[in-house]
Amino acid sequence: MKPSLPVARRGSSLAANLGLSERVFASAADRAMAKAIDAGLDRVEAGLIDEVRFTGPVADASTRYLLDAGGKRVRPMLTLLAAQLGDGVTDDVVVAAEAIEITHLASLYHDDVMDESERRRGVPSAHAVWGNSIAILTGDLLFARASQLMARLGERAIRMQADTFERLVLGQLHETVGPQPGDDPVEHYIQVLADKTGSLIAAAAQSGVIFSNADLAYERPLVEFGEKIGVAFQLIDDVIDLSPRPAETGKVPGTDLRAGVVTLPLLRLREMAKTDASSAELLARIERDVLPVLPEASDDPVDTNTQAVRIPPSKEKVDAIVAELREHEATRVTLAEAHRWADEAVAALAPLPEGSVKKALTRFAETIVERSS
């Protein structure tokens, strides 16, 4: 068993997490709302520490591992923010926010096993510390605890949690098997993003409305906002993956590409390669020198070496290819698509009353797409 890490502080304020400046968040009403949400986040943080405790030493250490590693707590923050449309940070809202964040934590354990990720939140991933079995079971434990929390809030909460969990699993499944014959690869990819990321962000905002007794006319707009901003967030991540500034992103440029993870710039490049020779040539070099080689199937059960060994290209060569994709039209199209999803997320907020909540959500959407600049 490995000891847990020292507890990392979450983002210190609502303004910091949403990227809000004093200029944007200047009115007395804005400041009062921010103070209420920050106090609510402190309650959520304390609740999370209590709720991920287990009596068994291995279970207790592994479930607290990623919580202690930090995180911005964006999802519970959105729950508390949406709750300002109703009675504010009630006890039920805090419980829902805790359940949403624990569900998110659980998904990270499973994602890292599926993606064979070596690090998460600046620390070795859980499966690198305890192995795949413990990491998977830890995720399962956390999903169970999140369900217990939602059960305290009644049937509506249980149904919402079950529906969201189903979409998380379907998103991972569809990502794993890939598009089927006849599927549009881009549509398939966007649906995966909506299921894996958008669904939980949508549930976070939806919970804030429901459990604060807010006007249910605000529920659908906030669900649509969450879905769309989740897709925008992931598309911006696709662009950031190609960033030439690893000191800022914390990743080697083209990390996803080198691991064989399909992202929208690659999908758009494949489309363009059908009619554009230079795009086809770049795609060929990516497939030859950057994407990992998968072993080919063989009819001979004895033949385990049906493919010639590829000599790995130099780091400089791969870096140059990644840089070409970064500057290619396919990446510019991806960035434009992320902006479109963020714009649609903001447009979905039209039925909300003018004021601090709408202002904060709009600024949050702007901050999402500004990460790539």
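Here are a few exercises on this predicted model, each with a worked solution.

Some ground rules first. Residues count from 1 along each chain as its sequence is written, and side-chain values use heavy atoms, with hydrogens and water left out. Local features need pLDDT of at least 70 and side-chain atom pairs count only at pLDDT 80 or more, while totals for chains, interfaces and linings use all residues.

**Exercise 1. Work out whether His328 and His110 are buried or partly exposed.**

Step 1: get the cut-offs straight. Buried means under 20% relative accessible area, exposed over 50%, and partly exposed in between (1.4 Å probe, protein chains only).

Step 2: place His328. This residue sits in the loop between helix 15 (315-327) and helix 16 (329-347); helices here are DSSP runs of H or I with at least four residues, strands are E runs with at least two, and numbering starts at the N terminus.

Step 3: apply the cut-offs. His328 has a relative accessible area of 14%, so it's buried. His110 comes in at 21%, so that one is partly exposed.

**Exercise 2. Find what His328 and His110 touch beyond their sequence neighbours.**

Step 1: define the term. Contact means heavy atoms within 4.5 Å.

Step 2: skip neighbours within four places in sequence. That leaves His328 with Leu269, Met272, Ser279 and Leu282.

Step 3: do likewise for His110, which belongs to helix 5. Its list reads Ala135, Ile136, Gly139, Asp140 and Phe143.

Step 4: check a distance. His110 and Leu137 are 27 residues apart in sequence, and their C-alpha atoms are 8.9 Å apart.

**Exercise 3. Pick out the residues that touch the most other members of the largest nonpolar core.**

Step 1: recall that a nonpolar core is a set of buried Ala, Val, Leu, Ile, Met, Phe, Trp, Tyr and Cys residues joined through side-chain atoms within 4.5 Å.

Step 2: look through the 83 residues of the largest core; Leu222, Ile229, Leu235 and Leu361 touch the most other members. Helix 5 (residues 91-115) gives this core its largest share, 13 residues.

Step 3: zoom in on Leu235. Leaving out neighbours within four places, its contacts include Tyr189, Leu264 and Trp341.

**Exercise 4. Say how many helices and strands there are, and how much of the protein is buried.**

Step 1: count the elements, which gives 17 helices and 2 strands.

Step 2: take the buried share, 49% of the 373 residues.

Step 3: add the long-range picture. Among contacts with a separation of 6 or more, 74% join residues 24 or more positions apart.
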